[in-house]
Each structure stands twice: as structure tokens, then as C-alpha cells.
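Work through the exercises below with the coordinates open, and try each task before reading its solution.

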Amino acid sequence: MSLEKHVQDKGQDTKQSNMMAETLEDLRFDNSYARLPETFYQRLHPTAVKEPKLVKLNYKLSETLGLNPLKIGQTDQEILAGNRVPKQADPIAMVYAGHQFGNWVPQLGDGRAVLLGELLNNEGQRWDLQLKGSGPTEYSRMGDGRAVLGPVMREYIVSEAMFNLGIPTTRALAFSMTGEMVRREYMEPGAILTRVASSHIRVGTFQYFHGKGDEDAIKILADYAIKRHYPHAEFAEQPYLTLLDSVIQNTAELISAWMLVGFIHGVMNTDNTAISGETIDYGPCAFMDGFNPNKTFSSIDSGGRYAYNHQPMIGQWNLTRFAETLLKLLDENQDNSITKAKASIENFWFFFEKAFHEGLCKKIGLSASDEENTKLAFDFLDLLSKSDVDFTTAYRSLGSYLEEENETNFKNLFDSKQDIDNWLARWNDKLGSEGKGTKEIKKKMNSVNPAFIPRNHQIAKAINLATNTEDFGLMEDLITVLDAPFENNHRLHDLSLPPKKGEEVTQTFCGT
Ligand code: AMP
Ligand code: MG
């Protein structure tokens, strides 16, 4: 089977090549995944909803996709709620498997999502366009195929925040309310998220075919993934080993990026691990307030499997599961395959530590990440954890402390004045040896230490307001500050603050 047939842009010359499309109907689709063998998906349409209402459209992302957000109309409202399918789309639900909390589940799949198709913009960039909450599929098991407003808003807010923080992620193009109530613990308003991703191929997608012993399918999928995500691997001496190495590096760097902003994914199952290296499937995810390396938020993660500081270890575990699916492709000789895979998996720590140490040093304004600087950066984390200091505030205030705008404010964050004074003295030494001016250092620190993160208590407030009174004001404010998370915003300054006593939200729910 020719790969070109699956992935390559057909080079169609559509009428909108030099202008923005006025409706999703006019966007250019090229549905390469739907041209893979039929064992890869179920072909189906979304289930129409009662009363589709578009609540939020991401203007900037629409423009990136080549869609004029000002022209969005009735047709698009219907498409974004699954009541109409664009002519060029070829909707499917993808099948996958996965380890959920370490337990093998041989078949999962898009149980409440439909991949409408792949969009190609004028620059030839390709995106999956997926509706999440679009009704039952073959893979729904006991689920209703629907999503509710709270989790949809959380994914919209957090995934866009991640994008603006510079972290690889799926994105949110829009969300709609369905006019239907959906039963969860209580009855909640139904909603549908329109998600955009560089693809929805997961470690679990490979595992599905591996579990079935379908080596032909694994080769087709691996070749497809190379073409779509890692084209350099095609010409490497060992394409599949290069694929494995690339996924390992991207995932290691992704998890480091999460941890540098205090993000906890919450459900790092292998089916929620994208091989593109993008953050995917925002469920009970949350950003930490006070720094605690053992922090978990998810109500279902009672054992702390996916705690903040377990994330790299779990990432490596998930990638080991990925490597297992590729063994037959890595070498004809099984022992050689295992040796190669093991060496690659070991490299995870190299990539993770390099990115994490460099990032931690940058957060304290140091360009070099040698052993001493790294030790200094970790000692700062220790001080944060000892005094339960707000992670985001601490780094941002350290930058301000440098210009002595708020010396007392900064030191008051810590229980022991002695400890922080000692640390600051060592820090000053190291900064001095890099020989940069304070203005420059502060500017650099502010470009990696956000003023705004999607604070859990604010998301919860925004969701409550919307669910109870359809008031989306706080959500809009959150989206505004998170659009430029490294900039101060005086009007909305309160949204940068940690929760006050009694405001903390310590548990999150996946809402499925
Ligand atoms: P998640 O925990 O969201 O990553 O989902 C795990 C699996 O459960 C995936 O196969 C989902 O498609 C499926 N799933 C989650 N929620 C629902 C739902 N409401 N209806 C049907 N399937 C669901
Ligand atoms: Mg999932």
C-alpha cells in the first residue's frame, strides 16, 4: 500500500488558496487516517443534538486554520455541534487500547469523540479536527458518548493556556452547548468541544494492534506516524528506531515543560499519551498552587500514581509500552531489538534531565545549567516545598525581588528568613558570575515564569458560574489573561493570585 496515498497532500487547488474560508464547509480536508485500513476505526457520523448553541470560538486559532472567525454562521454552529458534517469530511471514531492506571485494556477507542477529518491550511499544515462529546460510537462501552460543560470548559481553558505557555498541546477551536442535560453525579448541561491536534495517534493505538498480534497494522501505523510526525525518520538508517527515539525525546521534553509550570496531567494512561509529543486528554488535570512534589488532584488517583513528581517515571513506563509494540520492526533478531529498545528507553532520563535542569536554572535567571547551578535551583524548590510557597508566585516574585521592588514581600513567602537569606546570597554569587544586568535577567525570568496560570479555584468558579447561570464572564477573563500568560495585567491582576484560605480546590474530577 502506498504511503503517499495515505498522508500526502493531494495538491488540490481549492478556491480559497489565497483567502480565508467563510465557513468550515469551505475548508480544505484531506482525510489520510480515514484512508488507512478499516480495522483502524469505525466510520460514523456524530449524533445530532437538540439545540446547538456555539458558546465560544477561538478567533486566533480559526485564523491559523484559514477560517474567517467573523463570518462564522448557522452552518458552522451546526457543524461544531455535530448536527451537520462538512462535505469534505470523512468522520471516524479511532480505535485504540491502553494501560489505565497500569491495567491492560485491550480495546478502548473514541467512545465520545468523532474525528471529522484533517484540515490542511494554505501553508500545508495538517490538523485533526475532532468533536468531543459527539455521541456514542462502537467504542463507548457503558458510556453515553457525551461530555458536560464543566470538563469541556476546563479543557478549553487549560489547553489554550498550555499553548500560550509554549507547551505542545492539542488545542480548542470552539465549544457548543447541546441544549440537552446529561447525567453525571447530577444532571449537567451537555457540551461539545471542537479539538484540534497534530494527530490523535496514541501509544494506545500501537498497543491495540500489538495486543492483537497484527504486525502488518503496526507497520502501517508506524510508517504513517513517521510520514506525519517524524518525516526525517523515513530517510534514517533505522527508521523505526528513529521513530522511537523521536517520540522518547519529545515526550521527555514535554513532561519537563509541564513540570516547569507546575502542571499535573492527572491521567497519564498510555491511551492519553500522544506519539506527537503533544499534551492530550485534559481530564482532572490541574496546576499546583503551593509547591508539593507529591501533589495529586485527581479524585480517582488515590495511590498517587500520577503525582507531580511521578510524571517522568510514568512517561518512561508508557514509552516502554510503546517500544514493546515496535520490537518486530526494530530488528529481525529479537535480542537485538530488545537491546536497541532498552538503550533508547534509557535515554529518556538524559532528555528529561537536560530539559528540566536547563529549565529550572532559567527560572532562576541562570543561563548555565552546570551542577552547581542545578543544585541551587533544586534547593530553591526545597525551600518552596518546606514553606508550601505558591510555585508560580515564588518565581515571578524572585524576578521582582531582583529589582528590589518587593524585597519584604518576597522574603515573607518563606517561613525561615535565615534559609532564604542564605539561598539569596548563593544566588547573587551565581548571577554575578554570569555578568548580566538585573534588567536583562528579570526580563528573561519573566519570559519563562508566567504571571498567570489557569488556577484551579478560578476554573472551578468559572465553571460554577457558567453551569448555574450561563454566565461566561469569568471564563472570558481567564482566557484573556491566559492568552498572554507572561504579561502583567493590572485590571485582572486578581486572577494571578493563589487561592486565599478556604478558596483552595484540592480535588479534580474527570467528569466522564
Ligand atoms: P478518558 O479517561 O477520558 O481518557 O477516557 C477513557 C476511555 O473512556 C476512552 O476510550 C473514552 O472514549 C471513553 N469514554 C470516556 N467518557 C465517555 C463517555 N461519556 N461515553 C463513552 N465513552 C467514554
Ligand atoms: Mg483519553
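**Exercise 1: contacts of ligand 1**

In this predicted model, a polar side-chain atom of R112 is found 3.2 Å from a nitrogen atom of ligand 1. Task: determine which polar backbone atoms lie close to oxygen and nitrogen atoms of ligand 1, and how much of the ligand the protein buries.

Solution. Begin with the oxygen side, where a polar backbone atom of G111 is 2.7 Å from an oxygen atom of ligand 1. Continue with nitrogen, where a polar backbone atom of G145 lies 2.8 Å from a nitrogen atom of the ligand. Finally, take the area: ligand 1 alone exposes 480 Å², of which the protein buries 86%.

**Exercise 2: the surroundings of ligand 1**

Task: describe the shell around ligand 1 by residue class, and name the residues that come nearest.

Solution. The shell comprises two nonpolar, eight polar and seven charged residues. Of these 17 residues, G109, G111, D144, G145 and N272 come nearest. As for location, ligand 1 takes up the space of the largest pocket.

**Exercise 3: the magnesium ion**

Task: identify the protein donors of the magnesium ion (ligand 2), and decide whether each is buried or exposed.

Solution. The donors are N272, through OD1, and D281, through OD, at 2.0 to 2.2 Å from the ion. Because buried means under 20% relative accessible area, N272 at 12% counts as buried, and D281, at 12%, also counts as buried.

Note on methods
Residues numbered from 1 in each chain as written. Chains lettered and ligands numbered in written order. Predicted model: local features only at pLDDT ≥ 70, side-chain atom pairs only at ≥ 80, totals over all residues. Heavy atoms only, no water. Donors = N, O, S within 2.8 Å, 3.2 Å for Na, K, Ca; no water. Buried < 20%, exposed > 50% of the residue type's maximum accessible area, 1.4 Å probe, protein only. Near = heavy atom within 4 Å. Polar contact = N/O pair within 3.5 Å; in protein donor to acceptor, adjacent residues only side chain to side chain. Areas by Shrake-Rupley, 256 points an atom, 1.4 Å probe, with all protein chains shown as cover. 1 Å grid on protein atoms, 1.4 Å probe; cavity = no way out; pocket = protein on both sides within 12 Å on 5 of 7 lines; lining within 4 Å. Sits in = over half its atoms within 2 Å of the grid points. Nonpolar A, V, L, I, M, F, W, Y, C, P; charged D, E, K, R; others polar.
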